[in-house]
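Reader: Before I set up any calculation, I would like to go through this model with you, one question at a time. Could you take me through the reasoning behind each answer?

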Amino acid sequence: MSHRKTVLVTGGASGIGAATVTRFASDGFNVVIADRNQEAATELKDSLLNRFGGDANDNCVDIFCVDVSQQDQVQGMVAFAQQRFGSLDILVNNAGRAGSGPVATADAEHWQKVMDVNLNAVFWASQASLKIMLEQGSGTIINVASISGLGGDYGFSSYSASKAAVINFTRTTALDHARDNIRVNAVCPGAVATPLIEGVLNNEAISERALEAIPMGRPAEPEEIANVIRFLSSDEASFMTGAIIPVDGGITAWTGQAK
Ligand code: NAD
């Protein structure tokens, strides 16, 4: 019998991360929800165990409280996943934070924080996980970037720069491990209905313009991103590595010129 695979999802307590965790739990994986929001992570863990079984002895979902902007905590998180379930097969680098403000007025401390959470954490978690995956002889990493890393984004210099860096980090990591049975890919969501962009979606004036810019005319549901992450993690995607996949309702298919 093949062993039950283990997936570690950073930022797994909300939005895209929570939908991803839910999908993997429903598909019978061991899941580690890594998040700094312990309350939300615990609540999700309890609801998943209720829905998909597992008990105190055969527990397939666990949480790890982490601030991914801290390197030692990220390393502890990866070690926990392997020790808890005996392997680490899939890493989903999903935790992220928004950055705001045009360059001229951007705050240096905020810039650094966005880089730590959105970019450096991806490096730290990947490095620690790759050591385990190389020893196992298998593994896959999925990075949650953004279409803001594919093109410029008004007023989002730090966010856009951090996501562009994640995209090329994904490509390079994929090349470095293409012959190690380790695949590395990224998804680039457009607008997704999660707490991260609640402010935009709840503001009628902004939201109308934002939705107008999406050819499909609506934001994604978090499950629509989780579906692609799940696909990339599976053997169905066995020849995909270094791929950067927009999941954006058509935004990046559009030149932006008036209709
Ligand atoms: P969300 O705010 O719903 O969830 C983010 C989760 O990450 C939260 O549970 C939060 O507690 C956790 N988190 C944030 N900072 C953390 C830290 N330092 N340490 C540990 N956990 C931390 O956001 P979401 O929309 O689901 O975003 C998930 C990813 O998707 C992010 O990388 C984001 O940049 C990306 N993304 C989102 C959208 C969108 O429109 N929502 C679009 C493109 C890309």
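Reader: How many of the residues of strand 2 are buried?

Author: The model is a predicted one, and strand 2 spans residues 30–35. On one side of this strand N30, V32 and A34 are buried, and on the other side V31, I33 and D35 are buried as well, so that both faces are covered. The number of buried residues in strand 2 is therefore 6 of 6.

Reader: Which residue of strand 2 does V9 stand opposite, and in which sense do strand 1 and strand 2 pair?

Author: Strand 1, residues 6–10, is joined to strand 2 over 5 bridges, and the pairing is in the parallel sense. Within this pairing, the residue of strand 2 that stands opposite V9 is I33.

Reader: What is the handedness of the crossover between strand 1 and strand 2?

Author: From strand 1 the chain passes through helix 1 before reaching strand 2, which makes a β-α-β crossover. The handedness of this crossover is right-handed.

Reader: Which residue of strand 3 stands opposite V32?

Author: Strand 2 also pairs with strand 3, residues 61–65, in the parallel sense and over 5 bridges. Opposite V32, in strand 3, stands D62.

Reader: Which helix gives the most residues to the shell around the ligand?

Author: There are 27 residues around the ligand, and those that come nearest are G11, S14, G15, G96 and T194. By class, the shell holds 13 nonpolar, 10 polar and 4 charged residues. The element that gives the most to this shell, with 3 residues, spans residues 15–26 and is helix 1.

How values were computed. Residues are numbered from 1 along each chain as its sequence is written. This is a predicted model: local features need pLDDT of at least 70, side-chain atom pairs count only at pLDDT 80 or more; totals for chains, interfaces and linings use all residues. A residue is near a molecule or strand if its C-beta atom, placed from the backbone, lies within 6 Å of it. Helices (H or I, at least four residues) and strands (E, at least two) are DSSP runs, numbered from the N terminus. Ala, Val, Leu, Ile, Met, Phe, Trp, Tyr, Cys and Pro count as nonpolar, Asp, Glu, Lys and Arg as charged, and the others, Gly among them, as polar. A residue is buried if 20 or more other C-beta atoms lie within 10 Å of its own, exposed if 12 or fewer, and partly exposed in between; C-beta atoms are placed from the backbone. Two strands pair if DSSP finds at least two bridges between them.
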